[in-house]
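Reader: I am new to this structure and would like to know how its descriptive terms are justified. Please show it to me before we start.

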Amino acid sequence: MRSQLFRAPEDFRSARCQAYTLLPFRFMRWNPDELLIVNEVGEYTFLENATFHQFVDGLLSNSAPAYSDLKSQHFLSDSDSTVPVELLALKYRTKKHFLNGFTRLHMFVVTLRCDHTCAYCQVSRVTEDKERFDMSSQTATRAVGLMFQSPAPEIKVEFQGGEPMLNFEMVRHIVNLCEARKEAADKQIEYVVTTNLSRLSDTQLDFLRAHNICVSTSLDGPEALHDLHRRRRGGESYRTTIANLRRVREALGHDRVAALMTTTEASLKYPKEIVDEYIGQGFDSIFLRSISPYGFATRSGLAAAYDSQRFLDFYKVALARILEVNCDGTDFVEVFAQILLRKMLTPFATGYVDLQSPAGAGISAVTYNYDGSVYASDESRMLAEMNDTSFRLGFVTDTYDELFGGETLRRIVDTSCAEALPGCSQCAFVPYCGADPVYHWATQGDLVGHRPTSGFCSKNMGIIRHLFDLLRGGDEFTRNLFLRWATM
């Protein structure tokens with residue numbers, strides 16, 4: 001006789017159809033009539049309210065129009081086979097491929113000296129005469145030794161400052177050390193030097209060409225805007241930059257030099273003009289970059305001069321101009337959109353450190369400062385210049401295991417897996433976004449941060465949502481262009 005204290009198991013079974021199993025996904029309300037659902041690897045679809053509720057209740061018929069899409073995109077499995085889950089796991093490993101090989105980007109701050117006094121400088125540079133802020137050959141040699149212990153087979157060496165050309169002998173020293181060791185270590189190494197171009201000599205150009213070194217510089221827009229931002233003694237920062245840009249292209253090749261811009265409050269008025277300046281100077285892309293809360297940018301108040309919404313308004317106008325010039329026949333890419341679209345439209349990982357989970361600080365990039373201190377990222381180094389060494393991994397005199405297996409990096413990783421963070425774990429955009437503990441520590445005093453008031457979060461969510469709107473509501477040309485950007 002059945003006990004009267006307990007009901008039979010079948011009494012608790014729902015009336016839902018048992019024909020399929022739900023696979024992991026997140027969702028968000030898109031508009032009153034639709035929801036966006038996104039799986040663990042970023043594949044997405046939009047469902048009408050009724051279809052969504054049928055789907056999650058297990059009542060969606062296999063003859064429904066949405067059924068085959070949900071199955072092919074790994075939102076449901078309707079067989080006993082483990083293949084769907086194994087395919088999803090394979091895609092997930094592909095998305096997390098940036099973890100393979102560990103730290104790939106190694107940044108060397110060869111000096112803090114600089115001949116510019118940019119108001120938004122994130123570095124807290126010093127004047128040209130203060131050679132005590134140069135990296136020594138001993139420090140550089142130890143840093144290179146640590147770099148070669150990285151398991152990454154392909155390494156990027158990036159020279160930072162200040163203005164690295166003011167300590168070019170150390171750039172030369174590091175490159176020569178790397179070239180002497182790379183074959184025995186079975187490493188492929190690429191080099192890039194970040195420079196304002198103002199002090200570039202023919203001898204330096206010859207060395208850059210001989211070692212196939214790329215150049216990254218700064219261009220903030222038309223002449224008046226650039227000169228307002230990037231001040232140098234004697235003026236004419238813009239004219240000097242453009243003249244030396246031509247020299248670099250002639251010496252190294254047109255595609256061996258790239259440029260970055262920084263958006264200040266003054267920039268917000270000129271989104272179209274900034275885009276047109278880049279096109280006019282022969283660039284095929286632009287990275288529409290917001291200002292970072294470090295160094296002189298914070299002390300001068302520029303980092304707090306505009307909120308995320310004002311930057312988003314600027315971004316949307318600039319992107320519209322970029323779409324317009326592409327439609328007119330000029331191939332031109334917005335790089336941040338390209339990174340996000342690659343995450344949204346392809347199964348592949350990106351190397352962009354700021355949108356990785358766990359965060360790329362330390363595990364994808366590391367910075368060797370001029371004084372021998374080692375930081376988890378360039379932003380960590382910038383924060384240290386503001387007397388906050390929270391993200392210092394140690395010193396070049398430490399062992400590799402002490403630096404990369406120590407408590408500081410473990411804490412960064414523990415607090416930067418977006419899939420497990422409050423405010424991120426249930427967000428439909430988490431496969432496209434990332435976590436930035438350095439930013440949140442700098443702006444909110446907490447490694448995890450408070451997502452509803454995070455500028456990092458609001459900016460990224462705003463741009464991702466705008467890209468989705470353009471993918472859905474834009475014309476066929478825009479959709480095809482975005483797919484081309486994502487697969488370039």
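Author: The buried residues of helix α12 are F336, A337, Q338, I339, L340, L341, K343 and M344. The model is a predicted one.

Reader: Why is α12 called largely enclosed by the rest of the structure?

Author: Helix α12 covers residues 335-345, and eight of its 11 residues are buried, so the helix is described as largely enclosed by the rest of the structure. Its buried residues pack against strands β4 (44-48) and β12 (333-334), and against helices α3 (83-95), α11 (308-327), α17 and α18 (476-487).

Reader: What makes E334 a cap of α12?

Author: A side-chain oxygen of E334 lies 3.2 Å from the backbone nitrogen of F336, at the N-terminal end of α12. A polar contact requires N or O atoms within 3.5 Å, and the 3.2 Å of this pair meets that limit.

Reader: How do you know that α11 and α18 are roughly perpendicular?

Author: Their axes are 11 Å apart and the helices pack at an angle of about 100°. Angles of 65 to 115 degrees count as roughly perpendicular, and therefore α11 and α18 are given that description. On the α11 side, the residues that meet α18 are L319, I322, L323, N326 and C327. Their partners in α18 are F477, T478, L481, F482, R484 and W485.

Reader: Why is the pair of W30 and F468 called edge-to-face?

Author: The ring centres of W30 and F468 are 5.7 Å apart and the planes stand at 80°, so the pair is edge-to-face. The cut-offs are 6.5 Å for the centres and over 60 degrees for the planes. This pair joins distant parts of the chain: W30 belongs to strand β2 (residues 25-31) and F468 to helix α17 (residues 455-473), 438 residues apart.

Reader: Are W30 and F468 buried or exposed?

Author: Buried means under 20% relative accessible area. W30 has 8% and therefore counts as buried. F468 has 0%, so F468 counts as buried too.

Reader: What makes R465 count as lying over the face of W30?

Author: R465 is at 3.9 Å from the ring centre of W30 and lies over its face. The distance limit is 6 Å. R472 lies over the face of F46 in a similar arrangement, at 3.7 Å from the ring centre.

Reader: Why is the pair of F25 and F27 called tilted?

Author: The planes of F25 and F27 are 50° apart, with 6.4 Å centre to centre. Planes under 30 degrees apart count as stacked, over 60 as edge-to-face and the rest as tilted, so 50° gives a tilted pair. Both residues belong to a cluster that ring pairs build from Y20, F25, F27, F52, F55, Y67 and F75. The structure holds 29 aromatic pairs.

Reader: Why is F27 called partly exposed?

Author: Partly exposed is the range between 20% and 50%. F27 has a relative accessible area of 43%, so it is placed there.

Reader: How do you know that N39 is buried?

Author: N39, in strand β3 (residues 34-39), has 0% relative accessibility and therefore counts as buried. Its side chain reaches the backbone nitrogen of G42 at 3.1 Å and the backbone oxygen of Q73 at 2.7 Å. Beyond its neighbours within four places in sequence, N39 is in contact with residues including P24, F25, L88 and P431.

Note on methods
Residues numbered from 1 in each chain as written. Predicted model: local features only at pLDDT ≥ 70, side-chain atom pairs only at ≥ 80, totals over all residues. Heavy atoms only, no water. Phe/Tyr/Trp six-rings, centres within 6.5 Å; stacked < 30°, edge-to-face > 60°. Buried < 20%, exposed > 50% of the residue type's maximum accessible area, 1.4 Å probe, protein only. Helix = DSSP H or I, 4+ residues; strand = E, 2+ residues; numbered from the N terminus. Lys NZ or Arg CZ within 6 Å of the ring centre and 35° of its normal. Contact = heavy atoms within 4.5 Å. Polar contact = N/O pair within 3.5 Å; in protein donor to acceptor, adjacent residues only side chain to side chain. Axes fitted to C-alpha atoms, helices over the stretch in contact; angles between N-to-C directions. Parallel < 35°, antiparallel > 145°, perpendicular 65-115°, else oblique.
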